[in-house]
Amino acid sequence: MEIAYLQTPIGFAEFRGDENGLASVSVFDDKKPIGIIPEVLEDAIYQFKEYFEGSRKEFDLKLNPSGTDFQKKVWDALLEIPFGKTISYLELSKRLGDVKAIRAVASANGKNPLWIVVPCHRVIGTNGDLTGYAGGLHRKKWLLEHESPAKQTTLF
């Protein structure tokens, strides 16, 4: 498994993957060593840079996350949420065919190993609140504002 790091506006991202695909992307507050990027992770780093620059709205990467069949089903559903849009945990559960599975869906959402690529940050509470985000609610807020089609300009 190869590892690479990228400094982003909201922390240091750690990429793990190999020839089978990207296995995980995590974010940390701690500074990480940015060194040589392994060839198998170059495209992921490039696409993340484009995302943070605002020129990329979708990722085109070979993914290879580890998880249960149910978790992978939830993560696949997350990939269907368009850039700049949000849905509730309840709506996600409905899309998966079982509104009673809302807690299991939320749990699988929280175990998503592919930060930003599988957009779990686009899932919010039914009342519109920002709820639960493994990377921290400040990051979830930043990501949703970054993806918002209505950009606020400053007056001063």
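Student: Which side chain does the side chain of K141 join in a polar contact of 2.8 Å?

Tutor: In this predicted model, K141 is found in helix α5. With a relative accessible area of 44%, K141 is partly exposed. The partner of the K141 side chain in the 2.8 Å polar contact is the side chain of E145.

Student: How far apart in space are K141 and H121, C-alpha to C-alpha?

Tutor: Along the sequence, K141 and H121 are 20 residues apart. Their separation in space is taken from C-alpha to C-alpha, and the value is 8.4 Å.

Student: Is E147 buried or exposed?

Tutor: The place of E147 is in helix α5. Buried means under 20% relative accessible area. The relative accessibility of E147 is 2%, so this residue counts as buried.

Student: Which residues does E147 touch, if those up to four places away in sequence are not counted?

Tutor: One partner can be named from a polar contact of 2.7 Å, which joins the side chains of E147 and Y51. Another follows from a salt bridge, in which the side chains of R122 and E147 meet. The full list of residues touched is Y51, F83, G84, H121 and R122.

Student: How many residues apart are R122 and E147, the two members of that salt bridge?

Tutor: The side chains of R122 and E147 meet at 2.7 Å, N to O. This pair links distant parts of the chain: R122 lies in the loop between α4 (102-110) and β5 (123-124), and E147 lies in helix α5 (residues 137-147). Both R122 and E147 are buried. Their separation in sequence is 25 residues.

Student: Why are E91 and R95 separated by about one helical turn?

Tutor: E91 forms a salt bridge with R95, and the closest N and O atoms are 3.4 Å apart. Both residues belong to helix α3 (residues 89-95). The separation is about one helical turn because the two positions in this helix are four residues apart.

Student: Are E91 and R95 buried, partly exposed or exposed?

Tutor: Partly exposed residues lie between the buried limit of under 20% and the exposed limit of over 50%. E91 has a relative accessibility of 31%, so E91 falls in this range. R95 has 45%, so R95 also counts as partly exposed.

Student: How many salt bridges does the structure hold?

Tutor: Side chains of opposite charge can pair when their charged atoms come close. One of the salt bridges joins the side chains of E50 and R56 at 2.7 Å, N to O, and both E50 and R56 are buried. The number held by the structure is six.

Student: In what order do the three strands of the open sheet stand?

Tutor: The edge strands are β1 (2-8) and β3 (21-28), each pairing on one side only. Strand β2 (residues 11-18) pairs with β3 in the antiparallel sense over seven bridges. The order is therefore β1-β2-β3.

Student: Which residue in β3 stands opposite R16?

Tutor: The pairing in the open sheet is antiparallel, and neighbouring strands are turned by 20° against each other on average, direction ignored. The residue in β3 opposite R16 is S24.

Student: At about what angle to β1 does helix α1 run?

Tutor: Helix α1 (residues 42-53) lies across β1, β2 and β3. Its angle to β1 is about 15°.

Student: Which residues does UniProt list for "domain: Methylguanine DNA methyltransferase ribonuclease-like"?

Tutor: The record is an unreviewed entry. In the model, the listed span is 20% helix and 34% strand, and its end C-alpha atoms lie 16 Å apart. The residues that UniProt lists are 4-64.

Definitions and conventions:
Residues are numbered from 1 along each chain as its sequence is written. This is a predicted model: local features need pLDDT of at least 70, side-chain atom pairs count only at pLDDT 80 or more; totals for chains, interfaces and linings use all residues. Side-chain values use heavy atoms; hydrogens and water are left out. UniProt positions are given in the numbering used here, feature names are shortened, and annotations may be inferred rather than shown by experiment. A salt bridge is a side-chain nitrogen of Lys or Arg within 4 Å of a carboxyl oxygen of Asp or Glu. Buried means under 20% relative accessible area, exposed over 50%, partly exposed in between (1.4 Å probe, protein chains only). Two strands pair if DSSP finds at least two bridges between them. Axes are lines fitted to C-alpha atoms, for helices over the stretch in contact, and angles run from 0 to 180 degrees between N-to-C directions. Contact means heavy atoms within 4.5 Å. A polar contact is a pair of N or O atoms within 3.5 Å; within protein, one must be able to donate a hydrogen and the other to accept it, and residues adjacent in sequence count only if both atoms are side-chain atoms.
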